[in-house]
Amino acid sequence: MTPAELADRVRDAVGRVSDPELRRPLSELDMVRGVEADGADVRVGIALTIVGCPAADRIETDVRRAAESVDGVGAVTIDVGVMTPAERKALTSRLRPARGMPFGPDSLTRVIAVTSGKGGVGKSTVTANLAVALARRGLAVGLIDADVHGFSIPPLLGLAKGGEIAQPTRVDELMLPPVAHGVKAISIGMFLQDDGTGSGARTGAVAWRGPMLHRTVQQFLTDVYFGDLDVLLLDMPPGTGDVAISVGQLLPHADVLVVTTPQAAASDVAVRSGLVARQTGQRVIGVVENMAAMTLPDGTVMDLFGAGGGAEVATALSQDGQDVPVLASIPLSPALRASGDAGDPIVVAHPDDPAAAEVTRLAERIASQPRRLAGRRLPFAPAR
């Protein structure tokens, strides 16, 4: 084998290495600067997206391993550089959609907004665990924490452990979201200053009104690179305020999952969030009843928040020929609360817990639901 042939084989092997943040091969990202062979020894040049790239060590390790796997290769030298501003601009131009919203009507990504009528019903906990459960089924999952005033997704996913919250990687104006348990997540909490206590809490409060809230949601949808997703979940703020209206305008084709607790005080207002979503053209796919009755060790059943609220919401939203089912009834669970506080989703930490099992069944039901393709352009043309 000539040195030129060896270099070509190494280039092919290295080009297949995937960037852990962008989830695309290095060859597609133009991150392979060159490969030279001197006898059996090879020198590989790669270009990282930015200085201080958090994935630098992993990329270098994976590139070295790929080069060494080629038959006939001796010593391997890796030269690590950084893209020029022009190269980064070209990269971000390729990654951004050509036009419009990346998760617009033509996208094959299923968008699900998780809503509630009021706060305190466990909507964010349900959303975070549902995202992880879907990812554990092999789906590519993204999660936007659209509850700008009451963000809580980072700690629930374990992205705020050790007093530091995970940060997105910035490539010029593009943001690459951190990943936890296979879920790519973004939250306004990732951009606020740490309070210095070591708890991972953020200082200050987000005191924004309509235009700023709309812009934040829009930026999360357009300036965050999620890549190809099967499902994008949005953890919505409770109620029917500015963010709900903005999401309805930006993503009118989205599906909606309504979370409530069994008592009437929660179920009555939960109906309103579903009705507002429907007014924007979104489809309510189901209701999740959280904090339902739990079975105690002695076999007795404790329904701390009553019963029947989920069914009442589903009935109220079932109209105009659309049947809205109760997709899950998640029982009260001390483990669910403790796992959320610890940043270890219960579907991972305690998969046999009744609450975890119900969330897993919820993920199965959602994954098996047919997707709405009416009005969407599909990426193929009929044969002629």
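The exercises below, each with a worked solution, concern a predicted model of a single chain.

**Exercise 1. The chain as a whole**

Establish how many helices and strands the chain has, and what percentage of its residues count as buried.

Solution. Begin with the secondary structure, in which 12 helices and 15 strands are found. Turn next to accessibility: the chain has 384 residues, and 49% of them count as buried. Finally, consider the contacts between residues at least 6 apart in sequence, of which 75% join residues at least 24 apart.

**Exercise 2. Nonpolar cores**

Identify the residues of the largest nonpolar core that touch the most other members, and name the element from which the largest share of this core comes.

Solution. The largest nonpolar core holds 79 residues, and the members that touch the most others are Ile144, Leu157, Leu232, Leu234 and Leu251. Its largest share, amounting to 8 residues, is supplied by helix α4, which spans residues 123-136. To see the surroundings of one of these members, take Ile144 and set aside its neighbours within four places in sequence; what remains in contact with Ile144 is Ile186, Phe220, Leu221, Phe226, Leu232, Leu233, Leu234 and Asp235. Another core, of 35 residues, lies apart from the largest one, and Val35, Ile46, Val70 and Met83 are among its members. As a general background to this step, nonpolar side chains in soluble globular proteins tend to be buried together.

**Exercise 3. Two polar side chains compared with the burial cut-off**

Decide whether Ser187 is buried or exposed, do the corresponding for Lys123, and describe the polar partners of Ser187 and Lys123.

Solution. Ser187 belongs to strand β9, which covers residues 183-187. Its relative accessible area is 0%, and because buried means under 20%, Ser187 is buried. The side chain of Ser187 makes a polar contact of 3.1 Å with the side chain of Asp145. When residues up to four places away in sequence are not counted, Ser187 touches Asp145, Phe151, Pro154 and Phe220.

Lys123, for its part, lies in helix α4. With a relative accessibility of 6%, Lys123 also falls under the cut-off of 20% and therefore counts as buried. Its side chain reaches the backbone oxygen of Met236 at 2.6 Å. Beyond its neighbours within four places in sequence, Lys123 is in contact with several residues, including Asp147, Asp235, Met236, Pro237 and Val259.

**Exercise 4. The largest pocket and the largest cavity**

Describe the volume of the largest pocket and that of the largest cavity, then the lining of the pocket and that of the cavity.

Solution. The largest pocket contains about 340 Å³ of space. It is lined by 18 residues, and those closest to its centre are Leu95, Pro102, Tyr225, Gly227 and Asp228. Helices α3 (85-95) and α6 (210-222) each give at least two residues to this lining. By class, the lining of the largest pocket is made up of 10 nonpolar, 4 polar and 4 charged residues.

For the cavities, a search of the whole structure yields 3 of 30 Å³ or more. The largest cavity has a volume of about 80 Å³, and its 13 lining residues include Thr115, Ala244, Ser273, Ala277 and Gln282, the closest to its centre. Two or more residues of the lining come from each of β4 (110-116), α7 (242-250) and α8 (264-279). The lining of the largest cavity divides into 7 nonpolar and 6 polar residues, with no charged residue.

**Exercise 5. Loop residues**

Locate Gly39, Asp30 and His181, and state the phi values of Asp30 and His181.

Solution. Gly39 sits in the loop between β1 (32-38) and β2 (41-48). Its relative accessible area of 44% lies between the cut-offs of 20% and 50%, so Gly39 is partly exposed. Residues up to four places away in sequence aside, Gly39 touches Pro3 and Leu6. The C-alpha atom of Gly39 is separated by 8.7 Å from that of Val73, a residue 34 places away along the chain.

Asp30 lies in the loop between α1 (3-15) and β1, and its phi is near 55°, a positive value in a residue other than glycine. His181 is placed in the loop between β8 (179-180) and β9. Although it is not a glycine, His181 has a positive phi of about 55°. With a relative accessible area of 36%, His181 is partly exposed.

Notes: Residues are numbered from 1 along each chain as its sequence is written. This is a predicted model: local features need pLDDT of at least 70, side-chain atom pairs count only at pLDDT 80 or more; totals for chains, interfaces and linings use all residues. Side-chain values use heavy atoms; hydrogens and water are left out. Helices (H or I, at least four residues) and strands (E, at least two) are DSSP runs, numbered from the N terminus. Buried means under 20% relative accessible area, exposed over 50%, partly exposed in between (1.4 Å probe, protein chains only). A polar contact is a pair of N or O atoms within 3.5 Å; within protein, one must be able to donate a hydrogen and the other to accept it, and residues adjacent in sequence count only if both atoms are side-chain atoms. Contact means heavy atoms within 4.5 Å. On a 1 Å grid over the protein atoms alone, a cavity is a set of points where a 1.4 Å probe fits but cannot get out, and a pocket is an open set with protein on both sides within 12 Å along at least five of seven lines; lining residues have an atom within 4 Å of a point. Grid points are joined across faces, edges and corners, and a volume is the space filled by probe spheres set on the points. Ala, Val, Leu, Ile, Met, Phe, Trp, Tyr, Cys and Pro count as nonpolar, Asp, Glu, Lys and Arg as charged, and the others, Gly among them, as polar. A nonpolar core is a set of buried Ala, Val, Leu, Ile, Met, Phe, Trp, Tyr and Cys residues joined through side-chain atoms within 4.5 Å.
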